[in-house]
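Student: I have a new model open and would like to talk it through with you. Could we go step by step?

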Amino acid sequence: MTTVATRPQRAGVPSRRRPGRRAAIAAAAALLLVLALLASLALGSRPLAVDQVWQALTAPDGGEATTIVRELRLPRTALGLIVGLALAVAGVLFQALTRNPLAEPRILGISAGASFGVVLAIAVFGVGSLAGYVWFGVAGALAAGLLVLAVASGTREGASPVTLALVGAALDASLAAGVYAMLIIDARTFEEYRFWVVGGLTGRDVGVAGQVLPFVLAGLALAALVARGLDALALGDDVARGLGHRIGLVRLGGGAAAVLLTGAAVAAAGPIAFVGLAVPHLARALVGADHRWTLAVSALLGPALLLGADVVGRLVAPPGEVPAGIVTALIGAPLLAYLVRRAKVVTA
């Protein structure tokens, strides 16, 4: 049998990097995020100077710059901040819970659950606005995550990494089939759905960010609570138990956090690819495998990457735009190829 394994998982053992160096890296990541936020507010088909952005935010005068910043760019910037943070942190959690370095938020069928909820809202309930079907997307994602956890927990192995991945893959395929069936039957549903499924920040008002923010905050709180337990879990279940951790609660808390974060992000912005895969690897390379640091730095780099992709999408084909989901896929595909190339093939 042929399996793919990465190099010895320093990701499983807390890093010995000096705290001062990690703090400096976190500060640099925070600065990068600030620059991404500024670029998101200033750049586009109508570039604005920094002082114009500042005046529009602090002393709005009703002019063109104020309208562009406050009504068009500020809502998508806020959403990009929330979604990028949620996807990156969820990626760290998924990779830790499944012990799979190629895991991302799709792995438990949660993205497919959100897609199913959105299509159901459009096709069955006639919801025609993004603000309306965000709730259905969140509900679908939560239902899918709970179903995976429940089915996996009921097996002989319990909610082990392999069981979670297998149940999630099966659910992902089943829900995708249901989505395609509804899209084929109803052309109007397809027209609505294709706007959402590309993944991006365009056309979302500030209300969408407000709708998903409570779910993201709850997910972040759970992630912070289980961070230390994730370090022990990476050493193996027996070792984690020996260190006094209740691995069932760690997995449950981490899984619930990942479900909340992914469900909220996907429902609001669509299934944006590779942020949850790329950012955790970058953060781990910078600050080591201590999940407290990895989660913190990922929370800074995730929105920086997504907002940067959104800005690039605005600039490459003016006056039109390339959705951020397409740009992140173009960035992430070479990274995935690098990870596969770097993987070590072991035959047993």
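What follows is a set of questions and answers about this predicted model.

Student: Happy to start broad. How many helices and strands does the protein have?
Tutor: This is a predicted model, so keep that in mind throughout. The secondary structure consists of helices and strands, and the count is 13 helices and 2 strands.

Student: What percentage of the residues of the protein count as buried?
Tutor: A residue counts as buried when its relative accessible area is under 20%. Applied to the 348 residues of the protein, that cut-off gives a buried share of 49%.

Student: What share of the contacts with a separation of 6 or more comes from residues 24 or more positions apart?
Tutor: Take the contacts in the protein with a separation of 6 or more as the whole set. The part of that set made by residues 24 or more positions apart is 75%.

Student: Let's turn to helix packing. At what angle do H3 and H10 pack?
Tutor: Two packed helices are described by the angle between their axes and the distance between the axes. Here the pair is H3, residues 64–98, and H10, residues 247–269. Their axes are 8 Å apart, and the angle is about 145°.

Student: Is the crossing of H3 and H10 left-handed or right-handed?
Tutor: Handedness depends on which way the near helix is turned from the far one, by less than a right angle. An anticlockwise turn gives one hand and a clockwise turn the other. For H3 and H10, the crossing is left-handed.

Student: How many nonpolar residues are there in the contact of H3 with H10?
Tutor: On the H3 side, the residues that meet H10 include Leu 79, Val 83, Leu 87 and Phe 94. On the H10 side, Val 250, Arg 251, Gly 254 and Leu 261 are among them. By class, the contact has 3 polar and 1 charged residues, and the nonpolar number is 16.

Student: Now for H8. At which residue does H8 bend?
Tutor: H8 covers residues 206–233, and its 28 residues reach 38 Å from first C-alpha to last. That is close to the 40 Å expected at 1.5 Å a residue. There is nonetheless a bend of about 50° in H8, and it sits at Ala 227.

Student: How many of the residues of H11 are buried?
Tutor: H11 has 13 residues, and its end C-alpha atoms are 18 Å apart, which agrees with the expected span of 18 Å. Among the buried residues in H11 are Val 275, Leu 277, Pro 280, His 281 and Arg 284. H11 is largely enclosed by the rest of the structure because the number of its residues that are buried is 10 of the 13.

Student: Which residue just after H11 takes a positive phi?
Tutor: There is a positive phi before H11 too: Phe 274 lies in the loop between H10 and H11, and its phi is near 75°, in a residue other than glycine. Just after H11, a phi of about 90° belongs to Gly 288.

Student: Is Phe 274 buried or exposed?
Tutor: The cut-off for buried is under 20% relative accessible area. Phe 274 has 15%, so it is buried.

Student: And Phe 125, is that buried or exposed?
Tutor: Phe 125 is placed in the loop between H4 and H5. Leaving aside neighbours within four places in sequence, Phe 125 is in contact with Leu 120 and Phe 136. Its relative accessibility is 54%, and the cut-off is over 50%, so Phe 125 counts as exposed.

Student: What is the relative accessible area of Ser 40?
Tutor: Ser 40 lies in H1, residues 19–42. Outside its neighbours within four places in sequence, Ser 40 is in contact with Arg 73, Thr 77, Leu 307, Val 311 and Arg 314. Ser 40 is buried, and its relative accessible area is 0%.

Student: How far apart in space are Ser 115 and Gly 270?
Tutor: Ser 115 is in H4 and is buried, with a relative accessible area of 8%. In sequence, Ser 115 and Gly 270 are 155 residues apart. In space, C-alpha to C-alpha, the distance is 8.0 Å.

Technical notes: Residues numbered from 1 in each chain as written. Predicted model: local features only at pLDDT ≥ 70, side-chain atom pairs only at ≥ 80, totals over all residues. Heavy atoms only, no water. Axes fitted to C-alpha atoms, helices over the stretch in contact; angles between N-to-C directions. Helix = DSSP H or I, 4+ residues; strand = E, 2+ residues; numbered from the N terminus. Contact = heavy atoms within 4.5 Å. Nonpolar A, V, L, I, M, F, W, Y, C, P; charged D, E, K, R; others polar. Expected span 1.5 Å × (residues − 1). Bend = angle between axes of the 7 residues up to and from the residue. Buried < 20%, exposed > 50% of the residue type's maximum accessible area, 1.4 Å probe, protein only.
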